[in-house]
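Student: Could you take me through one part of this model up close, and then show me how the rest of the chain looks around it? I'd like one connected walk rather than a list.

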Amino acid sequence: LILKTILCGQKDMALQYKKQVKYDGLCYKLFGVDVMLDNNLKPWLLELNNFPSLEPPKLDRLVNEPMIADMFNIIGLHINQKPSNAALQELQKIHPWKSKDLLRNPDLYSRKRSEAQKQKEDSYKSMTLEDYVDKLADPNSLTGRDLRILVQAEEELSQCKGFQRIYPKKEGKTYLNTMEVENYSDKLLFSWEHLFSHR
């Protein structure tokens with residue numbers, strides 16, 4: 001139910017992400033989903049909230065605070081621009097560290113593609129899922145960008161406590177074929193799950 005609901009908006013989300021987000025890996029979206037169960041425990045979607053209410057009342061806090069903590073652990077936001085001196089001093093008050101180097105290498109988030117990466121992505125565009133599923137994430141053919149995508153996905157998965165990843169999964173072939181916007185990363189992650197999720 002949740003995955004199908006998200007897939008209905010996949011095209012708009014993919015286009016907005018490409019248009020508004022400058023760096024890969026530095027964006028997230030939290031949806032609120034209202035579901036009702038009938039007498040047979042069949043779930044029915046009532047609404048999808050683009051900006052879910054995170055109210056402070058006690059009952060909400062019991063659910064929301066652990067969920068928000070898990071969410072930030074999963075997305076693992078990093079500093080990708082040099083902070084001002086004032087911001088740096090405030091950060092050091094809260095979290096003292098020895099290194100002055102706060103920034104991750106900006107290449108980790110860059111959307112620039114090497115010629116080899118462009119050629120690889122172009123070569124898989126016309127292939128069917130059956131043609132590429134055993135090849136795309138073959139460790140012998142992974143590029144630097146491929147590795148960054150896979151490492152980020154595995155880091156996110158390792159931080160899931162109260163969340164469960166619903167895609168990519170080995171059995172997600174049906175959903176990959178229904179995506180309106182084809183994305184190399186989605187194909188790569190599906191191939192990775194197909195080849196290695198059993199290990």
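Tutor: Let's start with the buried residues of α9: they are Y184, S185, D186, K187, L188, L189, F190, S191, E193, L195 and F196. Keep in mind that this is a predicted model. That list covers 11 of the helix's 13 residues, so α9 is largely enclosed by the rest of the structure. The cut-off at work here is under 20% relative accessible area for buried. As for what does the enclosing, the cover over those buried residues includes α2 (10-20), α5 (115-125), α6 (129-132), α7 (144-158) and α8 (173-178).

The helix itself runs over residues 184-196 and reaches 18 Å from its first C-alpha to its last, close to the 18 Å expected at 1.5 Å a residue. At its N-terminal end sits a cap: N183 places a side-chain oxygen 2.8 Å from the backbone nitrogen of S185. S185 also belongs to the buried set.

Now step across to one of the covering helices, α8, and pick out L176, which lies in it. With a relative accessible area of 10%, L176 is buried. Beyond its neighbours within four places in sequence, L176 touches L129, Y132, Y167, D186, K187 and F190. Three names there should ring a bell, since D186, K187 and F190 are buried residues of α9. L129 and Y132 fall within the 129-132 range of α6, another helix that helps cover α9. For a sense of reach in the other direction, take P66: its C-alpha is 31 Å from that of L176, and the two are 110 residues apart along the chain.

Y167, also on the contact list of L176, has a feature of its own. The peptide bond from Y167 to P168 is cis, with omega near 5°. P168 is located in the loop between α7 and α8, and both of those helices are among the elements covering α9.

For contrast, go out to the surface. L1, I2, V33, V35, L37, L41, L45, L48 and I166 make a nonpolar patch of about 710 Å². The elements giving it two or more residues are β1 (32-37) and β2 (43-49), and β1 gives the most, with three. V33 is a strand β1 residue, and it counts as partly exposed at a relative accessible area of 31%. L41 comes from the loop between β1 and β2, and its relative accessibility of 63% makes it exposed. L41 has a backbone quirk too: its phi is near 65°, a positive value in a residue other than glycine.

Zooming out, the chain has nine helices and two strands, in the order α-α-β-β-α-α-α-α-α-α-α from the N terminus on. The C-alpha trace spans about 55 × 50 × 35 Å along its principal axes. Of the 199 residues, 25% are buried, which is useful background for the 11 of 13 found in α9. Among contacts with a separation of 6 or more, 59% join residues 24 or more positions apart. The exposed area comes to about 14,200 Å², with carbon and sulfur atoms supplying 55% of it.

Methods
Residues are numbered from 1 along each chain as its sequence is written. This is a predicted model: local features need pLDDT of at least 70, side-chain atom pairs count only at pLDDT 80 or more; totals for chains, interfaces and linings use all residues. Side-chain values use heavy atoms; hydrogens and water are left out. Helices (H or I, at least four residues) and strands (E, at least two) are DSSP runs, numbered from the N terminus. The expected span of a helix is 1.5 Å times one less than its number of residues. Buried means under 20% relative accessible area, exposed over 50%, partly exposed in between (1.4 Å probe, protein chains only). Contact means heavy atoms within 4.5 Å. A polar contact is a pair of N or O atoms within 3.5 Å; within protein, one must be able to donate a hydrogen and the other to accept it, and residues adjacent in sequence count only if both atoms are side-chain atoms. Patches are made of residues with over 30% relative accessible area and no salt bridge: like charges are joined within 9 Å, nonpolar side chains (Val, Leu, Ile, Met, Phe, Trp, Tyr) within 5 Å. Accessible areas come from the Shrake-Rupley method with a 1.4 Å probe; for residues, only the protein chains shown count as cover. A salt bridge is a side-chain nitrogen of Lys or Arg within 4 Å of a carboxyl oxygen of Asp or Glu.
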